[in-house]
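This report describes selected local features of one protein chain. The sequence and the model are shown first, and the description follows.

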Amino acid sequence: MSLIQLHSVDFSIGGPLLLEHVDLSIEARERVCIVGRNGEGKSTLLKLIAGELHPDDGEIRVQNGVVIARMAQEVPSDTRGTVFQVVADGLGDLGRLLARYHQLLADEDFDALGDVQSEIEAANAWDLDRRVELVLEKLELPGDLDFAALSGGMKRRVLLAQALVRKPDVLLLDEPTNHLDIEAIGWLENFLRQFEGSLIFITHDRSFLKALATRIVEIDRGQLTDWPGDYDNYLRRREERAHAEAQANALFDKKLAQEEAWIRQGIKARRTRNEGRVRALKALRNERSERREQQGNAKITVASAQASGKKVIEARDVSQAYEGRHLLAGLSTTIMRGDRIGIIGPNGAGKSTLLKILLGELNPEQGEVTLGTGLQIAYFDQHRAQLDDRLNALDNVAEGREYIELNGQRKHIIGYLQDFLFSPERARAPITRLSGGERNRLLLAKLFAQPSNLLIMDEPTNDLDVETLELLEELLIDYPGTLLLVSHDRAFLDNVVSSTLVLEGEGRVGEYIGGYEDWLRQRGNAPQTASSAAAPAVAAAPVAVPAKPARKLSYKDARELEQLPLRIETLEQQQAGKSAQMSDPAFFQQGAEAIAKLNAELAAIQAELEQAYARWSELDQ
């Protein structure tokens with residue numbers, strides 16, 4: 001019997017039905033990927049399955065006893081507390097009671113502790129406490145760390161633990177790879193392969209989809225279509241379906257045009273013997289008016305510039321450290337005109353620093369960087385800082401112009417934005433109302449309106465649907481200038497770049513021919529599958545996870561030793577954040593009290609960091 005069944009489900013948010021007469025069954029231990037264009041209703045379908053939304057019509061049946069848990073696409077801004085507390089929150093009121101118990105224990109508030117302990121015993125909730133601990137252990141999460149201090153990738157891991165602690169039979173994941181680095185994506189792939197329940201997920205990461213999906217469900221203009229889990233077969237059959245649909249529509253439109261020409265002949269069409277033909281024409285008109293056209297593809301064009309000099313960037317013996325940690329050590333490389341270079345490395349490894357040094361925005365501590373002649377640079381910032389939230393989409397791109405010059409052709413700004421799938425109404429809407437994918441398309445429109453011969457792209461694939469992503473790939477492959485691309489999308493790297501710079505830790509930067517898969521082969525330890533290759537560590541920890549100590553440690557000491565590298569990484573991230581604040585010229589315009597406070601906080605973090613290093617060394621011995 002199916003775990004979940006959707007029967008003739010309709011759902012709308014004003015306008016045409018977002019989902020229309022949807023039928024879907026989910027079986028045990030399936031891994032179903034939901035695909036479709038931005039705005040087609042993928043996230044809405046997950047919320048309907050989770051019971052967070054209710055259909056306008058139709059029925060959703062969930063087998064008795066089936067537990068469904070959903071991990072949201074974005075980390076909720078109001079999430080507070082320790083990792084233990086956030087995970088326990090997934091158990092509802094009893095979980096929050098357990099979290100309160102642990103907080104009182106940490107605060108040594110023994111007066112209040114007894115009452116809470118009695119409540120836990122009365123509810124027989126100690127088994128739940130152990131369940132939280134087991135999930136934390138399985139996902140290698142330190143329960144006592146502050147959630148707010150974690151990296152984005154670690155926060156998403158905590159939210160996954162929050163969903164798993166409920167022991168779900170069906171796990172729903174919405175874009176789980178967003179903002180994760182390649183190592184974290186690989187870890188997640190391996191973990192989900194071993195998940196014993198059913199998995200329903202949305203992703204734009206094609207490598208992730210291919211590695212996990214046993215079945216693909218496509219949403220297209222409100223309709224659901226089932227496909228086997230072979231992604232390449234899905235693409236081929238989707239193209240065949242689109243071709244057949246286009247031919248059928250063309251035949252229909254031809255017949256409608258003939259009947260419209262007949263009705264215009266006048267009085268002869270209204271004779272009694274032709275009333276049936278008139279009724280048939282009305283039916284054809286109704287059918288044509290109800291046809292939902294497929295959303296067009298973006299028509300991405302980049303404004304070209306005069307060719308740059310042959311040598312674009314030359315770096316010689318470049319070294320850079322940050323807070324005592326080597327980011328670059330003796331890097332020498334030459335980037336030539338037409339090179340398409342991917343930059344790979346864990347979050348926090350120094351990819352943005354490397355870009356700034358190569359572009360001459362940051363002077364290295366050692367070595368030198370020489371920029372070539374005639375460079376016109378366009379920069380895609382993953383944080384979309386170039387977009388002004390006070391302006392609408394049109395004004396963000398137009399910058400006061402009514403027309404833009406694109407490769408010798410003059411184009412109205414509205415027409416240009418329509419090429420990027422913005423209707424005139426959407427183009428005039430405040431960008432605060434745009435989705436993540438729309439914001440990315442808008443930044444691409446703004447970027448490509450500028451003539452360039454050196455294109456810097458930092459995580460351009462986040463939130464883009466697969467169709468737009470593939471068009472962007474084609475554009476970058478044909479781009480006549482030079483490309484520097486930072487991405488965690490393995491398929492995108494493989495399809496676009498001709499060589500890679502890989503930040504390998506301790507300042508080493510390896511140069512490899514080809515994309516991500518080529519790097520795996522060349523480094524000499526490629527695993528059996530591409531996706532499992534990227535699976536090692538918890539995060540880009542600057543400290544290697546220590547080997548098992550020769551002397552057997554107590555359970556408590558062993559847990560402490562296991563958690564110290566992550567604790568050290570967290571402290572170093574906090575230290576880096578405070579130091580960045582102090583590096584801001586505006587910092588010293590504050591009052592003396594604020595300056596002294598931040599100095600004291602930085603000193604406290606440094607002291608705690610030294611203690612953590614000392615303790616790690618002691619336990620490792």
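## Helix α11 and its buried face

Helix α11 spans residues 351-358, and K351, L354, L355, I357 and L358 are buried in it. Because these buried residues fall within an arc of 165° when viewed down the axis of α11, they line one face of the helix. An α-helix has 3.6 residues a turn, so residues three or four places apart point the same way. After α11 comes G360, which has a positive phi near 80°. The model described here is a predicted one.

## The sheet β2-β1-β4

Three strands form an open sheet in the order β2-β1-β4, and their pairing is antiparallel. Strands β2 (19-26) and β4 (57-62) stand at the edges; each has a single partner strand, so one side of each lacks a neighbour in the sheet. On average, neighbouring strands of this sheet are turned by 15° against each other, direction ignored.

Within the sheet, β1 (residues 4-11) pairs with β2 over five bridges. F11 stands opposite L19, a residue of β2. Helix α1 (residues 42-50) packs on this sheet and touches β1, β2 and β4. The direction of α1 makes about 125° with that of β1.

## The hairpin of β19 and β20

Further along the chain, β19 (residues 499-505) and β20 (residues 508-513) also pair in the antiparallel sense, over six bridges. The bridge partner of G505 is R508 in β20. Two residues lie between the strands of this hairpin, where E506 takes a positive phi near 55°.

The two strand pairs described above are set out below.

| Strand pair | Sense | Bridges |
|---|---|---|
| β1 and β2 | antiparallel | five bridges |
| β19 and β20 | antiparallel | six bridges |

In general, strands of a sheet pair through backbone hydrogen bonds, either parallel or antiparallel.

## The surroundings of S487

S487 is placed in the loop between strand β18 (482-486) and helix α17 (490-496). Is S487 buried or exposed? The relative accessible area of S487 is 1%, and because buried means under 20%, S487 counts as buried.

Which residues are in contact with S487, leaving aside its neighbours within four places in sequence? They are I182, I343, E459, T461, F492 and L493. In addition, the side chain of S487 reaches the backbone nitrogen of D489 at 3.0 Å. S487 thus combines a loop position with a buried setting and a polar contact to the backbone of D489.

Notes
Residues numbered from 1 in each chain as written. Predicted model: local features only at pLDDT ≥ 70, side-chain atom pairs only at ≥ 80, totals over all residues. Heavy atoms only, no water. Pairing = 2+ DSSP bridges. Helix = DSSP H or I, 4+ residues; strand = E, 2+ residues; numbered from the N terminus. Axes fitted to C-alpha atoms, helices over the stretch in contact; angles between N-to-C directions. Contact = heavy atoms within 4.5 Å. Buried < 20%, exposed > 50% of the residue type's maximum accessible area, 1.4 Å probe, protein only. Arc of directions from axis to C-beta. Polar contact = N/O pair within 3.5 Å; in protein donor to acceptor, adjacent residues only side chain to side chain.
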